[in-house]
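Subject: The model you asked about

Hi,

Here is the structure I promised to pass on. Have a look at it first, and my notes follow underneath.

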Amino acid sequence: MIGALCCGPVLLACAQPMAASEQKGSQTAVEDPTPAPTPAQEIEMLQRIAVVPLTPDQAVGERHIGKRVRWAGSVHHMSRSDNGACLTILYALSGDYGEPRWTLDPTYQSFEACATGSYDPELVHDSTNVTIVGTVSGETYIGMGGGGSVGPVIKIEKLFRWSDCLAGDSSPVCKYGFLTPEASADVQ
């Protein structure tokens, strides 16, 4: 009997209907309990993405439209497009982790990579080292340094930013890993 008296208020509290604020919470999105991947996990994800082994020079032409590629390089120029941001990228061979590997013999290749939305200009700007995963969507004339040539246009699926900060620097501008473009008001 004493047990019933002690537990009675608890059982009564459990039997009461949920408050309106508690019911409303069930209608809103629930936070994902999965932690964000670590930079090492993101690099591993970048390495595992299935792509066609083409260089930008090889990817020019209609027969390559729709093929998925992973290319590394450095942002040479950023511009706005009808749908978002386009990056002109100087192509570099990829290292073991998918990072740009700069050699004494330049590739003399470039490509344009476009995303719907825009990237934080403090994180993606001229000379930022990136790896782009995306599909070939066409070609365009790319002029740089007094010359130019036709190069492929890539629709960006993923952009991986490589930081040039010193190890251990946790400043926001030192972020490396996958970046998501932000929707902007003037992009339809």
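Let me begin with the inside of this predicted model. The largest nonpolar core has 21 residues, and the ones that touch the most other members are Trp 71, Phe 111, Val 124, Ile 132, Ile 154, Ile 156 and Leu 159. At least two residues of this core come from each of β1, β2 (84–94), β4 (110–116), β5 and β6. There is also a second, separate core of 7 residues, with Val 133, Phe 160, Trp 162 and Phe 178 among them.

If you want one residue to click on, try Ile 156. Beyond its neighbours within four places in sequence, Ile 156 is in contact with Leu 87, Ala 113, Cys 114, Ala 115, Tyr 119, Ile 132, Val 133 and Gly 134.

Now the overall layout. The chain has 3 helices and 7 strands, and reading from the N terminus the order is α-α-α-β-β-β-β-β-β-β. Of its 188 residues, 33% are buried. Among contacts with a separation of 6 or more, 62% are between residues 24 or more positions apart. About 12000 Å² of the chain is exposed, with carbon and sulfur atoms supplying 56% of that.

Next, helix α3, which spans residues 39–48. Which of its residues are buried? They are Glu 42, Ile 43 and Leu 46. These residues sit on the same side of α3 because they cover an arc of only 100° around the axis. That fits a general rule: an α-helix has 3.6 residues a turn, so residues three or four places apart point the same way. Ala 40 and Arg 48, on the other side of α3, are exposed. The cover over the buried residues of α3 includes four strands you can pick out: β1 (68–80), β5 (129–144), β6 (147–162) and β7 (177–179).

You'll probably want to know about the cysteines too. The structure holds 2 disulfides, and with the bonded cysteines numbered in sequence order the pairing is 1-2, 3-4.

The Cys 86 and Cys 114 disulfide has its sulfur atoms 2.0 Å apart. This pair ties together distant parts of the chain, since Cys 86 lies in strand β2 and Cys 114 in strand β4, 28 residues apart. The link is right-handed, with 110° about the S-S bond, and both Cys 86 and Cys 114 are buried.

In the other disulfide, Cys 165 and Cys 174 have their sulfur atoms 2.1 Å apart. This link is left-handed, at -80° about the S-S bond. Are its two cysteines buried or exposed? Cys 165 has a relative accessible area of 28%, so it is partly exposed, while Cys 174 has a relative accessibility of 7% and therefore counts as buried.

One last spot to look at is Glu 62, in the loop between α3 and β1. With a relative accessible area of 72%, Glu 62 is exposed. Its C-alpha atom is 7.2 Å from that of Gly 138, although the two residues are 76 residues apart along the chain.

That's the tour. Shout if you want to go through any of it together.

Cheers

Notes
Residues numbered from 1 in each chain as written. Predicted model: local features only at pLDDT ≥ 70, side-chain atom pairs only at ≥ 80, totals over all residues. Heavy atoms only, no water. Buried < 20%, exposed > 50% of the residue type's maximum accessible area, 1.4 Å probe, protein only. Arc of directions from axis to C-beta. Contact = heavy atoms within 4.5 Å. Areas by Shrake-Rupley, 256 points an atom, 1.4 Å probe, with all protein chains shown as cover. Core = buried A, V, L, I, M, F, W, Y, C linked by side-chain atoms within 4.5 Å. Disulfide = S-S within 2.5 Å.
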